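Colleague: I should like to go through this structure with you step by step. May I put my questions one at a time?

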Amino acid sequence: MIKNDYDVKYPLDAVSIEKFSELLGKPETAVRKMITNNKLPVVELTDPEASTSRVGERWVVISEFNRRVLEAYYNRPAEERDAWIKWFKK
């Protein structure tokens, strides 16, 4: 198998908080807390024709989230990162 066989891609680059919480399997309140604590990459959507530019919606950028997860995974020490392989081979 090649690396692309393991890549799970959603057809969108960003999704609503509700959809992201469903995909992640976490409560919506937990996802909102992660956004408040700057733990998730989000884009804020506003109405460009509105006189007051308040945030209308926040969407989580899935492609950036996936990139950060992979980066965190590959930055772990090899013995921690590959520990499951040793267990799996038993």
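Colleague: Which residue of E3 stands opposite Glu 44?

Modeller: The model is a predicted one, and its strand E2 covers residues 42–45. Strand E2 pairs with E3 in the antiparallel sense over four bridges. In this pairing Val 42 has Val 60 as its bridge partner. The residue of E3 that stands opposite Glu 44 is Arg 58.

Colleague: In what order do the three strands lie in the open sheet?

Modeller: Strand E1, residues 14–16, is joined to E3, residues 57–61, by three bridges, and the two run antiparallel. One pair here is Ala 14 with its bridge partner Val 61. E2 also pairs with E3. The open sheet therefore contains three strands with antiparallel pairing, in the order E1-E3-E2.

Colleague: Which are the edge strands of this sheet?

Modeller: The order of the strands is E1-E3-E2. An edge strand pairs on one side only. The strands to which this applies are E1 and E2.

Colleague: By how many degrees are neighbouring strands of this sheet turned against each other on average?

Modeller: The sheet is antiparallel in its pairing. For the angle between neighbours, however, direction is ignored. The average is 35 degrees.

Colleague: What angle does the direction of H1 make with that of E1?

Modeller: Helix H1 packs on the sheet. The strands that H1 touches there are E1 and E3. Between the direction of H1 and that of E1 the angle is about 100 degrees.

Colleague: Is Phe 20 buried or exposed?

Modeller: Phe 20 is found in helix H1. Leaving out residues up to four places away in sequence, Phe 20 touches Val 15, Val 31, Leu 40, Val 60, Ile 62 and Phe 65. Its relative accessible area is 3%, and a residue counts as buried under 20%. Because of this value, Phe 20 is classed as buried.

Colleague: What distance separates the C-alpha atoms of Phe 20 and Val 61?

Modeller: Along the chain, Phe 20 and Val 61 are 41 residues apart. In space, their C-alpha atoms are separated by 9.3 Å.

Colleague: How many residues make up the largest nonpolar core?

Modeller: The members of this core are Val 15, Ile 17, Phe 20, Val 31, Ile 35, Leu 40, Val 60 and Ile 62. Helix H1 (17–24) and helix H2 (28–36) each supply at least two of its residues. One member, Val 31, is in contact with Ile 17, Phe 20, Ser 21, Lys 26 and Leu 40, neighbours within four places in sequence aside. The number of residues in the core is eight.

Colleague: Why does Arg 81 count as buried?

Modeller: Arg 81 lies in helix H4, residues 78–81. Beyond four places in sequence, Arg 81 touches Tyr 73, Tyr 74 and Arg 76. The cut-off for a buried residue is under 20% relative accessible area. Arg 81 counts as buried because its relative accessibility is 18%.

Colleague: What percentage of the residues of the protein count as buried?

Modeller: The protein exposes about 7600 Å², of which carbon and sulfur atoms supply 54%. It has 90 residues. The part of these that counts as buried is 14%.

Colleague: What pattern does the protein follow along the sequence?

Modeller: The secondary structure comprises five helices and three strands. Read along the sequence, these elements give the pattern β-α-α-β-β-α-α-α.

Definitions and conventions: Residues numbered from 1 in each chain as written. Predicted model: local features only at pLDDT ≥ 70, side-chain atom pairs only at ≥ 80, totals over all residues. Heavy atoms only, no water. Buried < 20%, exposed > 50% of the residue type's maximum accessible area, 1.4 Å probe, protein only. Contact = heavy atoms within 4.5 Å. Areas by Shrake-Rupley, 256 points an atom, 1.4 Å probe, with all protein chains shown as cover. Core = buried A, V, L, I, M, F, W, Y, C linked by side-chain atoms within 4.5 Å. Axes fitted to C-alpha atoms, helices over the stretch in contact; angles between N-to-C directions.
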